[in-house]
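Student: I am new to this structure and would like a close look at one part of it. Could you walk me through it step by step?

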Amino acid sequence: DRIDCSWAKLSAHKRQQKIKEWMQQEKQVPIHAWIVVHFGPNSDCPLGRDPSKEFGLVHRLDVYTSGPLLVGKTLKGYRHCQRQMEHRHILKDYLCLVHGSLEQVEGECRAPIDSREYEAWTADVVRVSPEGRPAISIFEALAQYEHPATGERYTLVHLRIVTGRTHQIRAHMSHLGHPLVSDHLYVTDSRMRKKDLTICGRMFLHKFRIGFFNHQSEVVMRWCSLQMAHELWQALGKLRRLGGDLEGCGAPGLQSGDEVEEDAASANFSEFDDAKHAGGASARSSKKRKRQAAQQLKQEKNAKYNQKQ
């Protein structure tokens with residue numbers, strides 16, 4: 001779709017109207033359009049109006065993947081971030097729900113990915129092949145789930161990608177025998193695809209954290225909780241979270257036929273740096289402590305909101 005740079009010159013009211021129109025239409029709007037409307041009017045963000053530099057967009061996400069993106073406001077910032085991407089200095093952490101139970105609680109996949117047919121528009125998927133380019137994905141199982149009606153097993157996985165190949169997470173997890181829930185390209189069983197859609201209406205893949213260096217060589221982290229992806233958060237609530245070593249990582253789910261509302265209220269997916277430790281502590285905490293944690297989180301959010309006002 002054509003991106004109109006003149007949108008940056010619209011009044012604040014008209015920009016809000018355009019955003020409202022985009023939110024109500026079924027057809028997806030390119031991310032570049034959002035950048036023009038949000039950042040284009042700012043004098044300190046010239047790249048927000050520059051199509052020759054992708055409007056400052058440093059990288060992309062797969063279609064139907066949610067999460068934060070890195071955008072350079074100036075040419076200096078854009079090139080600074082591009083260099084970090086080239087040297088693999090950008091931290092990229094994802095959450096996904098996959099089919100089955102992982103044989104290893106944690107590990108890595110280094111299977112090369114061949115995307116030549118995909119790039120030539122002769123295939124919709126990439127493939128794992130010795131002829132492919134190096135690809136590294138580090139994974140950790142956070143919680144195990146079970147379908148309450150069928151008993152089918154699922155695993156919530158934290159993934160950190162060192163490289164950024166096309167469909168890397170989707171291809172690697174499929175290669176390991178655990179394709180993502182509602183991944184219409186890499187789930188090859190039509191019956192499984194139909195069943196997936198009853199759990200989650202879109203592919204269960206969310207980028208929850210990005211880290212990079214600013215111009216002062218300081219580490220900058222930005223979070224996007226899984227709760228921000230409402231359809232994914234609600235999908236977990238349809239499944240039964242199982243006990244064992246993975247219990248207590250803060251993920252929602254059904255237990256003993258009842259929804260664990262307090263767990264969902266107090267969960268904070270910004271604490272995955274030490275998920276196992278946090279999980280053990282959460283599993284040992286009482287309901288009273290969970291309520292206190294939820295209340296404290298609510299107070300912190302209210303305080304931040306009041307400061308912004």
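Student: Which element do the buried residues of α1 pack against?

Tutor: Happy to help, and please keep in mind that this is a predicted model. The buried residues of α1 pack against α2, which spans residues 31-39.

Let's build up the picture from the helix itself. Helix α1 runs over residues 12-24, a total of 13 residues. From its first C-alpha to its last, α1 reaches 19 Å, close to the 18 Å expected at 1.5 Å a residue.

Now look at the side chains. In α1, the buried residues are R15, K18, I19 and W22. These four lie on the same side of α1 because they cover an arc of only 100° around the axis. Here "buried" stands for a relative accessible area under 20%, whereas "exposed" stands for over 50%. With that in mind, turn to the other side of α1: H13, Q16, K20 and Q24 are exposed there.

You can trace this in the view above. Find R15, K18, I19 and W22, the buried residues, and follow them to α2, the helix that the buried residues of α1 pack against. Then go round to the other side of α1, where you will meet the exposed H13, Q16, K20 and Q24. Put together, α1 has one side with buried residues, gathered within that arc of 100°, and another side with exposed ones.

Definitions and conventions: Residues are numbered from 1 along each chain as its sequence is written. This is a predicted model: local features need pLDDT of at least 70, side-chain atom pairs count only at pLDDT 80 or more; totals for chains, interfaces and linings use all residues. Side-chain values use heavy atoms; hydrogens and water are left out. Helices (H or I, at least four residues) and strands (E, at least two) are DSSP runs, numbered from the N terminus. The expected span of a helix is 1.5 Å times one less than its number of residues. Buried means under 20% relative accessible area, exposed over 50%, partly exposed in between (1.4 Å probe, protein chains only). The arc is that of the directions from the helix axis to the C-beta atoms. Contact means heavy atoms within 4.5 Å.
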